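Biologist: I am new to this structure and would like a close look at a single part of it. Please take the salt bridges that join into a network, and then set them beside the rest.

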Amino acid sequence: YMKEVKVLVSSCACNQKFLALVEKVVKENGIDAKVSAVSDIMEQMQYNVMSLPALVVDGMVVARGQKSEKELVQILK
């Protein structure tokens with residue numbers, strides 16, 4: 001089944017870079033997932049996350065802060 005991956009981001013360049021990395025990992029590893037960026041603060045607050053970027057998979061926060069490509073592959077597989 002397709003995973004729903006949300007990347008909670010701010011407009012900061014490092015967050016945008018993280019979003020691009022998540023998309024790259026999903027694509028290059030053939031992970032069946034729909035990736036979307038969430039920049040709305042009210043929606044982000046539902047996840048009770050204090051620091052960005054954060055990674056949400058199927059409604060659960062699975063990672064906070066910057067992650068390497070290798071770490072993302074392990075988290076998303």
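Modeller: Glu-4, Lys-6 and Glu-43 are joined in a network of salt bridges. The model is a predicted one, and the values that follow are computed from it.

Lys-6 takes part in both of the contacts described next. With Glu-4, the Lys-6 side chain makes a salt bridge of 3.9 Å, N to O. That distance falls within the 4 Å that a salt bridge allows between a side-chain nitrogen of Lys or Arg and a carboxyl oxygen of Asp or Glu. With Glu-43, Lys-6 makes a salt bridge whose closest N and O atoms are 3.3 Å apart. This pair links distant parts of the chain, since Lys-6 belongs to strand S1 (residues 3–8) and Glu-43 to helix H2 (residues 41–45), with their positions 37 residues apart.

Are these residues buried or exposed? Lys-6 has a relative accessibility of 16% and therefore counts as buried, because buried means under 20% relative accessible area. Glu-4 has a relative accessible area of 34%, so Glu-4 is partly exposed. Glu-43, at 26% relative accessibility, is also counted as partly exposed. The network thus holds a buried lysine, Lys-6, together with the partly exposed Glu-4 and the partly exposed Glu-43.

The count of salt bridges in the model comes to four. One of them lies between Lys-24 and Glu-69, where the closest N and O atoms are 2.9 Å apart. Lys-24 sits in helix H1 (residues 13–28) and Glu-69 in helix H3 (residues 69–76), so this salt bridge ties together parts that are 45 residues apart in sequence. Lys-24 has a relative accessibility of 35% and counts as partly exposed. Glu-69 is partly exposed as well, with a relative accessible area of 31%.

A remaining point concerns the cysteines. How many disulfides does a search of the whole structure find? The search finds zero. Cys-12 is partly exposed, its relative accessible area being 31%. Cys-14 is partly exposed too, with a value of 38% for relative accessible area.

To return to the part you asked about: Lys-6 is linked with Glu-4 and Glu-43 in a network of salt bridges, and the pair of Lys-6 and Glu-43 connects strand S1 with helix H2.

Technical notes
Residues are numbered from 1 along each chain as its sequence is written. This is a predicted model: local features need pLDDT of at least 70, side-chain atom pairs count only at pLDDT 80 or more; totals for chains, interfaces and linings use all residues. Side-chain values use heavy atoms; hydrogens and water are left out. A disulfide is a pair of cysteine sulfur atoms within 2.5 Å. Buried means under 20% relative accessible area, exposed over 50%, partly exposed in between (1.4 Å probe, protein chains only). Helices (H or I, at least four residues) and strands (E, at least two) are DSSP runs, numbered from the N terminus.
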